[in-house]
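Here's a quick briefing to read alongside the structure. Take a look at the chains, then use the notes below to find your way around.

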Amino acid sequence: MRRTLFATCLVLAFGAAVLWWATSGLRAFTAETARRIAVLASPEPIPDVELVDGSGRSIRLSDYTGQAVIVDFIYTQCPTICVSLGDNFGRLQERIKADGVPAKLLSISFDLAQDGPRELSEYARVHGADASIWKLARPRNAGELRLLLEAYAVIVLPDGIGGFVHNAALHVVGPDGKLTGIYDLDQHNAAFLALRSFIK
Amino acid sequence: MTERLAFYAAVLILVTVSSSPVRLLLEQSLVSHLLIQMPALVLCGWTIARRHRDAINRGRESFNVGGATGLSFALIVFSFWMLPRSVDGSVQNPLYEFAKFVTLPFAGASLALSWPKLPPLAIGILKCNLVSMMLVLSWIYTTSPSRLCNSYLRDEQDMLGQIVAVLAIGLGCLFGGSLFCGTTTIVRRKSATPIGSGGRE
Amino acid sequence: MAQANAPGTISAPSCPADGAVKLTMLLTVAVLLLMMAFGLTMRMAQGALIQIDPTIFYRLMTAHGIGMVGIAGMSGSAIMWYFLSRHVSLAGWVFWIHLGLFVVGVVAILGSIFIGGYAGAWTFLFPLPAISGGVWDVGAAATYLIGVILVGVGFLVYLVEVGRAVIERYGNFANALGWPLLFSGKQDDVPPPTVIAAAAIVVFNGISTVVGAAVLIISLINLYLPSFTLDALLAKNMIYFFGHVFINASIYMAVIAVYEIVPEYTQQQWKVSRSFVASWNAVVFLVMAVYTHHLFQDGVMPAWALVMGQIISYASGIPLLVITTFSLLTYLYRSGIRWDLASALLVTGIFGWSIGAVPAIIDGMISVNNIMHNTQWVPGHFHLYLLLGQVALTLGFSAWLTRTGVHASLSGWNARGFTIYLLGGMGFAIVFLVSGASSIPRRWATHLPEWHLQDQVGSLFALAAILGVGIIVLPITKRLVLSMRG
């Protein structure tokens, strides 16, 4: 009886510790939340992959050094969530202009097969992207795309009807080129405040 | 005889399920991942351990009186793998995947060793709780505003929720129905000693 | 037929967790009086006799509701435990756990209401706990739900133990529910009425507890993650299913006191007839469908469900009510029963239960329900069958439990207390019914001046009921305390 009591308490204590760890202290039950908590606690460096924008110019994250950037991942044919992302970016663009924060927006397409320069320009036009703040770009090849997706922990799955399912979020990259925060689509206010926090 | 057959079947299934092609096939969908692969791992562990129950138990009985230790271990393992984060982890991270293929059969084995020792009261409460919690899980899967696992599609999460609801009701009916057709030993005389610990199956 | 049921062997009753049962009855008396005082306060506030803030009114209403339902369930479970232990082997410590969880749950609930300010009614109807408009915060609602969950877990443990013990003795529930007798007309080991009742209660109250636990956890998650919503109609179905079955079970459990105690007076065993078995088996299924009369005003409910609800509201309690009342009458007829406090209260309980069901049956008609359900007609119904049914049975059991050897006749303070309680309770419930019939809404903190007179008369009767119960329980409490010390 005493041995069992001891063994059970040991198992339960160990188990509680494991579950505590596995949920980041009962805060994260999904991988997405866990990732957000981890990034907030310790910002992660992002590989400086070369991207190509709608007019064929090269863009790198290092171009933005000294400025905060909000990055999102889209594919231009997306009928649902990317439209919402576009709207939120549009709203952020207005606020950045109005506020005069030295910050930029960057939308990266992961649909290498369909999103060429023309599609990117069209998406920019539809959502009223002002090229001085909001740029659209795509990686040059699948290998570099994978590198990017892994760094941002974005998982893209084909949805079976020609489109994709992906975890859509606003990724805030600080002036030092590190990923410092991930926010829900509708948390553009929180994302904006994160941008402001970089100004002393 | 049947136990020996079941043992070999379980070993065979465990090897099959662990082999790369079958593993990846079952993990392609959330439904087969959670409702086929994981239960299969637990069941194999259970069946394999059951055959050698006496040998494993010998000399260790005092560490698992009433099945308390084994049950706690199994419940912890199940809780861990019920977290959407762990499910995502097992698809994305080989270390998680390895842990899953080790811990789930062990949880099944530990349940096989402990279940017959559990007092009937505990079994009854566990069954009621299982049905209740499955209803809650089904609700979580179907009403979550976002995908709980980044590795799986929303449709699969909905389907999983619906299947779990059906399973919960089915299990409820099964547990309820079994109350009506049991033929447990009937104690004719009211015994004076309280019953609770050390009840038999 | 079990030996223990024969007259004569009853004189030395002792059950596992005897002390816990007595403690439960003490707790019942205390909570009952406190909740009655809350009720009186609310009636007086409605009658403009006193002034209380509406937020306080709704806290009192929430506390009164959950307190009465909880204590009814708890006292019912103690009565069933006490008598069932005559027929099967129950483990005493389980009842202690049940009582312990109940007490902890009640503390949480009272804290959530009177410290946290939760006032979303005892039914915690989704999504009300989450949207208080600033009256209470999430923590208060969560504490309330956790309190109810704890009480529910206690009941689950209790019911599983009862089920286990019944199966241990009778093999399975089919035997315990008397199916062989029901279907083939004979059974060599006919279970006593108490076992049949207990088996039926385990089935339906067990199912309701499982559903209740699910909806409680869901509501709790919703409090903290509002984006996880629940279909409001499904939530209402689950909550009312749980709540309605639970409160009905509190009466069904208490009725067992009649099966076990009345034979002591009439020197005749309570016979298990085929119709008795049939009526309890009918109850198992019907009791789970009656709750739908709370949803008649939800136009979005499927029509078939509402029609079924109407039919079942008619049919539900009736078989058992008729059988029990009729058997009771035949046992009493020419039995030369000695009327004392216990027997008078038990018989009152059965008739309070029967009469109390009538307004419910009327309310169970969809056309009536649409007009009456949100009036005081409904409190009229449940006060009749709880105050004069469940409470009478519970007090009767307590009086019997603390009897002093010889059956004293009903006289002196006992008789006075009994009469005042009976008149007060009856008048109180009738005023509710009259008010309901004249379309006075229920659950309103402030009443129009035209309604004040009825509220004031109701308050007067409430005061009488409290006085009557007070007189009845005073000696009972004293003897309970003494017997627990000894």
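Let's begin with how chain B is wired: when residues in contact sit at least 6 apart in sequence, 79% of those contacts join residues at least 24 apart. Keep in mind that this is a predicted model. Chain B gets most of the attention here, with a short stop at chain A at the end.

**Chain B at a glance**
- Chain B has 9 helices and 0 strands.
- Follow the sequence and the pattern is simply α-α-α-α-α-α-α-α-α.
- Along its principal axes, the C-alpha atoms of chain B take up a box of roughly 60 × 35 × 30 Å.
- There are 201 residues in chain B, and 39% of them count as buried.

**Two domains in chain B**
- The domain assignment splits chain B into domain 1, covering 1-116, and domain 2, covering 119-180.
- Measure between C-alpha centres and domain 1 of chain B is 19 Å from domain 2 of chain B.
- Where these domains meet, 11 residues of domain 1 of chain B are in contact with 11 residues of domain 2 of chain B.
- On the domain 1 side of that meeting point, α3 (30-51) and α6 (84-92) of chain B each bring at least two residues.
- α6(B) gives the most to this side of domain 1, with 5 residues.
- Sorted by class, the domain 1 side that touches domain 2 of chain B has 7 nonpolar, 3 polar and 1 charged residues.

**Where chain B meets chain C**
- This contact draws on 28 residues from chain B and 31 residues from chain C.
- On the chain B side, α8 (120-143) and α9 (154-181) each provide at least two residues.
- Which helix gives the most to the side of chain B that touches chain C? That's α8(B), with 12 residues.
- As for the make-up of the chain B side, you'll find 17 nonpolar, 10 polar and 1 charged residues there.

**A quick look at chain A**
- Chain A is also divided, into domain 1 (2-38) and domain 2 (43-196).
- The C-alpha centres of domain 1 of chain A and domain 2 of chain A are separated by 35 Å.

Definitions and conventions:
Residues are numbered from 1 along each chain as its sequence is written. Chains are lettered from A and ligands numbered from 1 in the order in which they are written. This is a predicted model: local features need pLDDT of at least 70, side-chain atom pairs count only at pLDDT 80 or more; totals for chains, interfaces and linings use all residues. Helices (H or I, at least four residues) and strands (E, at least two) are DSSP runs, numbered from the N terminus. A residue is buried if 20 or more other C-beta atoms lie within 10 Å of its own, exposed if 12 or fewer, and partly exposed in between; C-beta atoms are placed from the backbone. Two residues are in contact if their C-beta atoms, placed from the backbone, lie within 7 Å. Ala, Val, Leu, Ile, Met, Phe, Trp, Tyr, Cys and Pro count as nonpolar, Asp, Glu, Lys and Arg as charged, and the others, Gly among them, as polar. Domain bounds come from an automatic or database domain assignment.
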